[in-house]
Amino acid sequence: MIDNAQTHSLARALKQAQTLDNNDPIAHMRAHFVIPKQANGEDEYYFTGNSLGLQPILAKEAVMELLEAWGERGVKGHFEGEYPWLPYHEFITDFASQIVGAKKNEVVMMNSLTVNLHLMMVSFYQPQGKRCKILIEDHAFPSDHYAMTSQLKHHGIDVEDNLLLWQPRTNEELLNTDDLFALIEGHSDELALILLPGVQYYTGQVLDIAAITEKAHQHGIKIGFDLAHAAGNVELALHDWQVDFACWCSYKYLNSGAGSVAGCFIHEKHATNTELNRFAGWWGHDKDTRFKMGNQFHAIASAEGWQLSNPPVLSLAAVRGAYETVILAGGMKKLREKSLKLTQYLRALLAQELPNKIDIITPAEESESGCQLSIMVTCDKLDGKALFKRIEQQGITTDWREPNVIRVAPVPLYNRFEDCYHFVRILKECLQ
Ligand SMILES: *Cc1c(COP(=O)(O)O)cnc(C)c1O
C-alpha cells in the first residue's frame with residue numbers, strides 16, 4: 001500500500017510533470033506522431049524509441065505519395081514529380097547532414113546498418129604487416145561483433161590474437177576512457193582500426209567521440225563509430241571531430257520504420273578520394289556517365305560513391321518524412337535541450353520514489369548520457385524480467401535486455417514529462 005505521505009509526493013510529481021509539459025517549447029511535436037493505444041483506448045506510455053521509434057505522420061504521407069506516384073507514373077516516376085526517384089536519396093542529404101553534424105558530401109542514406117559497417121571495413125580496414133588488429137568494446141552489439149570477426153577471418157587473420165576488447169573494470173558496468181587510452185598506447189603500432197558505439201546500447205553510456213578519435217589519430221589508427229543509439233539522440237559533430245567513418249540505423253531515435261534505410265558518414269578527407277578501395281556498384285558511379293553503361297568504374301567524389309544499388313525509394317520516403325520531422329522540431333539542439341530535462345526528471349523521480357529498489361547504471365553526468373536510462377532491479381522480491389512483464393500489462397512499453405536490465409528511453413519528439421511520471425508510479429505500484 002502507498003501511504004499518505006507517499007501519495008503526496010507522487011501528487012507533487014504529477015503537478016511538476018504537467019507544468020513541465022505546459023512549458024515545453026516542442027510539446028506540439030507529439031501531434032506529428034501516431035501513438036499506439038492501450039486496450040482501454042488510452043495512449044500507451046511508450047519508452048522504446050531507442051529500439052523502434054514511433055511513426056511520424058510525415059513519414060506516412062511521404063510513403064503514400066510515393067505509392068501514388070508509382071501508380072500514376074510507372075517508370076517515369078524516376079524523372080518526374082516533386083520527388084523523382086533517381087535522385088531520391090539526395091532529398092534527405094541536407095537533413096541527415098544536420099542530424100549528425102556533417103557536410104553534405106560526407107553523408108549518404110543507403111543499405112542497412114550492418115551492411116554499411118561491412119562496406120566501411122572494405123575501405124578502412126586495410127591490415128598491413130604488424131598493423132592488423134581491431135579494437136572494439138567487450139559488450140558491443142552482437143551484429144558489430146560478428147561483422148568485425150568475420151572481417152578478420154575474411155583477411156585470413158586470427159581472431160583470438162587480433163580482436164582487442166575494451167572491457168569495463170571488474171564489477172563495473174561502464175567503460176573507462178583511461179583504460180581505452182592505455183589499450184591504444186599498449187598496441188599503438190598493431191592497431192589498424194577501432195570501432196566503437198557513440199552510445200552503448202546496454203548501459204546508455206555516451207562516449208567522448210572527439211577525444212577518442214583524437215587519441216586514435218595520434219597513433220595513426222583509423223576509427224569509426226556505430227551511431228545506432230546516438231543518431232537522433234545526442235548532438236554530433238562528426239566532421240569537426242574528424243571521425244573517419246560512421247554508420248547508423250534510422251529506425252531507432254530517427255523513427256523511419258523497422259529495417260529502414262541506414263545512414264553512412266565518410267569524412268570529406270576520404271569521401272573525395274575516388275581512389276580509396278571499396279566495393280563498387282553502379283549507383284556509386286559518376287552521375288554524368290552512369291547511364292553510358294561502360295565497364296570502367298568512376299566513383300562519385302563524395303559519400304555517394306559508396307552506393308551500390310538504385311535506392312529502395314519506398315523505405316527512403318519514410319526516412320525523408322522522419323528526418324524532416326526532426327528538422328521541423330528545430331533540429332538536434334532543440335531535441336537535446338528537452339531530452340536532458342526529460343531524462344533528468346525521470347531520474348530524479350526514480351531516486352525519490354524508489355530508493356534502494358533499483359539501480360540506474362547509465363552515467364548521471366550530462367555529457368555521458370542521452371535519452372535512455374538502464375535500470376537494474378536490485379529489490380530481490382521480484383526478478384527484473386517479471387517486473388518488466390508486469391509494467392507492460394499497465395500500458396508501459398519498455399524493453400528488456402539480458403542479463404538484467406530494463407531500458408527506458410523517454411524521447412523528446414513525442415514523450416511527455418507526464419509519461420515519465422506514470423512510468424515511475426506504475427513501477428512503484430508493481431514493486432510494492
Ligand atoms: C540496433 C543496432 C544494430 C542493428 O543492426 P541492423 O543492421 O540495423 O539490423 C547494430 N548495431 C548496434 C550497435 C545497434 O544498436
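The following dialogue explains how to read several features of this predicted model.

Student: What may be said about the overall build of the protein, and how many helices and strands are there?

Tutor: One begins with the secondary structure. The protein holds 14 helices and 15 strands. One then turns to the extent of the chain: along the principal axes, its C-alpha atoms fill a box of roughly 80 × 60 × 30 Å.

Student: Which radius of gyration does the protein have, and what value would a compact globule have?

Tutor: The radius of gyration is compared with a value expected from the number of residues. For 432 residues, a compact globule would have a radius near 22 Å, and the protein has 23 Å, so the two agree.

Student: How much of the protein is buried, and how much area does the protein expose?

Tutor: Of its 432 residues, 54% count as buried. The protein exposes about 18700 Å², and carbon and sulfur atoms supply 50% of that area.

Student: What do the contacts tell us about residues that are distant in sequence?

Tutor: Here one looks at pairs of residues at least 6 apart in sequence. Among such contacts, 70% join residues at least 24 apart.

Student: Which residues surround the ligand?

Tutor: One lists the residues around the ligand and then sorts them by class. The ligand is surrounded by Leu113, Thr114, Phe141, Asp144, Asp226, Ala228, His229, Tyr251 and Lys252. By class, this shell has four nonpolar, two polar and three charged residues.

Student: Which side chains have polar atoms at short listed distances from the ligand, and how much of the ligand is buried?

Tutor: Three side chains may be named. An N or O atom in the side chain of Asp144 is 2.7 Å from a nitrogen atom of the ligand. For Tyr251, a side-chain N or O atom is 2.5 Å from an oxygen atom of the ligand. A polar side-chain atom of Lys252 also lies 2.5 Å from a ligand oxygen atom. Taken alone, the ligand exposes 380 Å², of which the protein buries 82%.

Student: Is Lys338 buried or exposed, and what does its side chain reach?

Tutor: The relative accessible area is read against a cut-off, and under 20% means buried. Lys338 has 7%, so this residue is buried. Its place is in helix α12, which covers residues 331-353. A polar atom of the Lys338 side chain lies 3.0 Å from the backbone oxygen of Asn415. Beyond residues up to four places away in sequence, Lys338 touches Asp24, Ile26, Pro412, Asn415 and Phe417.

Student: Where is Ser256 found, and which residues does Ser256 contact?

Tutor: A loop residue is placed by the elements on either side. Ser256 is found in the loop between β9 (245-248) and β10 (263-266). With a relative accessible area of 4%, Ser256 is buried. Leaving aside neighbours within four places in sequence, its contacts include Tyr251, Ala318 and Tyr323. Tyr251 also belongs to the residues surrounding the ligand.

Student: Where does Ser369 lie, and is Ser369 buried or exposed?

Tutor: Ser369 lies in the loop between β11 (358-360) and β12 (373-377). Its relative accessibility is 8%, so Ser369 counts as buried. The Ser369 side chain reaches the backbone oxygen of Glu365 at 3.2 Å. Beyond four places in sequence, Ser369 is in contact with several residues, among them Gly204, Val234 and Arg336.

Student: How should Gly74 be read, and which residues does Gly74 touch?

Tutor: Gly74 lies in the loop between α2 (57-73) and α3 (90-100). Its relative accessible area is 28%, so Gly74 is partly exposed. Not counting residues up to four places away in sequence, Gly74 touches Ala69 and Trp85.

Terms used. Residues numbered from 1 in each chain as written. Heavy atoms only, no water. Near = heavy atom within 4 Å. Polar contact = N/O pair within 3.5 Å; in protein donor to acceptor, adjacent residues only side chain to side chain. Areas by Shrake-Rupley, 256 points an atom, 1.4 Å probe, with all protein chains shown as cover. Nonpolar A, V, L, I, M, F, W, Y, C, P; charged D, E, K, R; others polar. Helix = DSSP H or I, 4+ residues; strand = E, 2+ residues; numbered from the N terminus. Buried < 20%, exposed > 50% of the residue type's maximum accessible area, 1.4 Å probe, protein only. Contact = heavy atoms within 4.5 Å. Rg over C-alpha atoms; globule rule 2.2 N^0.38 Å.
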